[in-house]
Amino acid sequence: MEGVKHRIVKVNGINMHVAEKGQGPVILFLHGFVELWYSWHHQIDALSSKCYRAIAPDLRGYGDTDAPDSVTEYTCFHIVGDLVGLLNTIAPQQQVFVVGHDWGAVIAWYLCLFRPDKVKALLNLSVPFFPHNPQMKPVDGWRAAYGNDYYICRFQKPGEIEAEFAEIGTKTVLKEMLAYRVPGPIMLTKGNLFGHSADTPTALPSWLSEEDFNYYVTKFDTKSGFTGGINYYRNFDRNWELTAAWAGCEEYIHNGGFKKDVPLLQEVVVMEGVGHFIHMEKPDEINDHIYDFFRQFD
């Protein structure tokens, strides 16, 4: 990408790869699973052209950022600690704008919960705030609702799903994940991942070019693999235990519970006819939402 600067920043005991472009107030972009800093390239170009400093790291376990071996080094406290260290280096004594998607959104909620002094405003995509439920561990809840083949349940045993992904190859896994549009839970039945045989062709979504797709394949194939990202899921229950002090909230989005849990919530935008990777599928609309929201705080 033209004009994007890359550097490695030492944070919280690891080396973190960071891409940045532009000058002005900082917008920190946080990617999700099977994504990288590059997932935000539409937003980086658009927002940097509007006098913002767009910063997008590869999160712990992804791309050119270090991937610790231990599953226990991927808790919400580790990831938020990485981001606090990053902000202390690149934007000391500043509050920043934050945009998150998928796991990036989950971590952004935790960042606001743990260190609200670091965040000026937050815009999250695809994943709402889920308050702590003291009655049941998250993975037990998903297993009860969807069964053992639900993808989060399949991710729990270290090495198991990685071996199955290796059988069908990085390119197939990424294509299936990025092209997935079934309006229901992702099921990863052993021997029938993604609901069909491995030799069933899957087309790239129209919003993803072959060149962009190959960038992801190269990074996941030769750099990070899938284990680092999957380890985030393996810490759902551990995060539940670690965040017990924040228990006691109620739920949800359209019935007022979301507003109750996030009292400074300004707006919930529901976009029709789009898939999970909303910022890549509808970049212009997302860029406009980000800009229109954040400029209120300038």
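Two helices count as roughly perpendicular when the angle between them falls in the range 65 to 115 degrees. In this predicted model, helix H2 (residues 76-90) and helix H3 (residues 103-114) pack at about 75 degrees, so H2 and H3 are roughly perpendicular to each other. Their axes sit 10 Å apart.

So who does the touching? On the H2 side, the contact is made by Cys76, Phe77, Ile79, Val80, Leu83 and Val84. H3 answers with Ile107, Tyr110, Leu111 and Phe114. The chemistry of this contact is easy to sum up: ten of its residues are nonpolar, with no polar and no charged ones in the mix.

Next comes the largest nonpolar core, which has 95 residues. Phe155, Phe165 and Phe294 are the ones that touch the most other members. Helix H3 turns up again here, giving this core its largest share, nine residues. Phe155 is worth a look on its own: leaving aside residues up to four places away in sequence, Phe155 touches Phe33, Ile161, Phe165, Met177, Leu188, Ile230, Tyr233 and Arg234.

Finally, the cysteines. The structure holds zero disulfides. For Cys76, the nearest cysteine sulfur belongs to Cys112 and lies 13 Å away, while a disulfide needs the two sulfur atoms within 2.5 Å. Cys76 is buried, with a relative accessible area of 1%. Cys112 is in no disulfide either, its nearest cysteine sulfur being that of Cys76. Cys112 is partly exposed, at a relative accessible area of 24%.

Terms used: Residues are numbered from 1 along each chain as its sequence is written. This is a predicted model: local features need pLDDT of at least 70, side-chain atom pairs count only at pLDDT 80 or more; totals for chains, interfaces and linings use all residues. Side-chain values use heavy atoms; hydrogens and water are left out. Axes are lines fitted to C-alpha atoms, for helices over the stretch in contact, and angles run from 0 to 180 degrees between N-to-C directions. Helices (H or I, at least four residues) and strands (E, at least two) are DSSP runs, numbered from the N terminus. Angles under 35 degrees count as roughly parallel, over 145 as roughly antiparallel, 65 to 115 as roughly perpendicular and the rest as oblique. Contact means heavy atoms within 4.5 Å. Ala, Val, Leu, Ile, Met, Phe, Trp, Tyr, Cys and Pro count as nonpolar, Asp, Glu, Lys and Arg as charged, and the others, Gly among them, as polar. A nonpolar core is a set of buried Ala, Val, Leu, Ile, Met, Phe, Trp, Tyr and Cys residues joined through side-chain atoms within 4.5 Å. Buried means under 20% relative accessible area, exposed over 50%, partly exposed in between (1.4 Å probe, protein chains only).
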